[in-house]
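Notebook open, salt bridges on the list today. I want to know who pairs with whom and how buried the partners are.

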Amino acid sequence: MYKGQSITVIIPCLNEEEGIRRVLENMPDFVDEVIVVDNNSTDRTHDVASSMGAKVIRESVRGYGRSYKRGFANATGDLIVTLDGDHSYPVDALSYLIEAFRHLEVDFLNASRFPVRDRHAMSFKHKVGNLILSLAMSALYFRWVRDSQSGMWVFRRSILAEMKLVSDGMAFSEEIKIEALKSPKVRFGEISILYTSRLGEIKLNPWRDGFQNLWFLVMKRFS
């Protein structure tokens, strides 16, 4: 519980046994519920997360968005905070983010990774790709978003009822922000965080996922 509001943290994981241990070790005490969505991992992600007190839910169909939708369906907190299981997002900054969420009086807060202060955290290719996608999203939806691909958000669980989330893949990250921006009932905000190098294997395919996300932006805007 944080200042009268219950907190659920949702972490989608695919083969993150190394990173998830570090994430859960640093989880603040005020978090009421930690849901790790194991997206059919072949390593010890499930066992590690379970042994450290997380509620582990298996999603057998692979997909970033698929994992999140499974996690949302099982969340009970007033506020939902999302993280990746690779320890690249600052789990020790959760109180800072929630305070910013409260101070800005928003319903959805996006944690922007930019400017990237750790030079090892993101390659030049990924920086350019993220910039193109963020510019495209900002132009299509007439609202500047610094980091359309960030995987760390704080939002009121109640606003999920206002959203139509269809993506099962990596485009889910931009889609949930689009849905927040589109709704007249949802106040959107953004704040910078310290993004660091990930632990474990890289799953993102920059060319494939980048083009798919760009195409999804266009299709969602004009569908």
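Partly exposed, for my purposes, means a relative accessible area between the buried cut-off of under 20% and the exposed cut-off of over 50%. Arg187 has 42% relative accessibility, so I put it down as partly exposed. Note to self: this is a predicted model.

Entry 1, the count. I looked up the total and found 13 salt bridges in the structure.

Entry 2, Asp107 and Arg187. Their side chains form a salt bridge, 3.1 Å from N to O. I placed Asp107 in the loop between helix H4 (94-104) and strand E5 (108-112). Arg187 sits in the loop between helix H6 (172-182) and strand E7 (188-192), so the bridge ties together parts 80 residues apart in sequence. Asp107 is buried because its relative accessible area is 6%.

Entry 3, Arg70 and Glu59. This is another salt bridge, with the closest N and O atoms 2.9 Å apart. Arg70 is in helix H3 (residues 64-74), while Glu59 is in the loop between strand E3 (55-58) and H3, eleven residues away. Glu59 comes out at 2% relative accessibility, so I count it as buried. Arg70, at 36%, is partly exposed. I also found both in a salt-bridge network with Arg66, Lys69 and Asp168.

Entry 4, Glu179 and Lys182. Which helix holds this pair? Both are in helix H6, three residues apart, or about one turn. Their side chains meet in a salt bridge at 3.5 Å, N to O. I logged Glu179 as buried at 5% relative accessibility and Lys182 as partly exposed at 47%.

Definitions and conventions: Residues numbered from 1 in each chain as written. Predicted model: local features only at pLDDT ≥ 70, side-chain atom pairs only at ≥ 80, totals over all residues. Heavy atoms only, no water. Salt bridge = Lys/Arg side-chain N within 4 Å of Asp/Glu carboxyl O. Helix = DSSP H or I, 4+ residues; strand = E, 2+ residues; numbered from the N terminus. Buried < 20%, exposed > 50% of the residue type's maximum accessible area, 1.4 Å probe, protein only.
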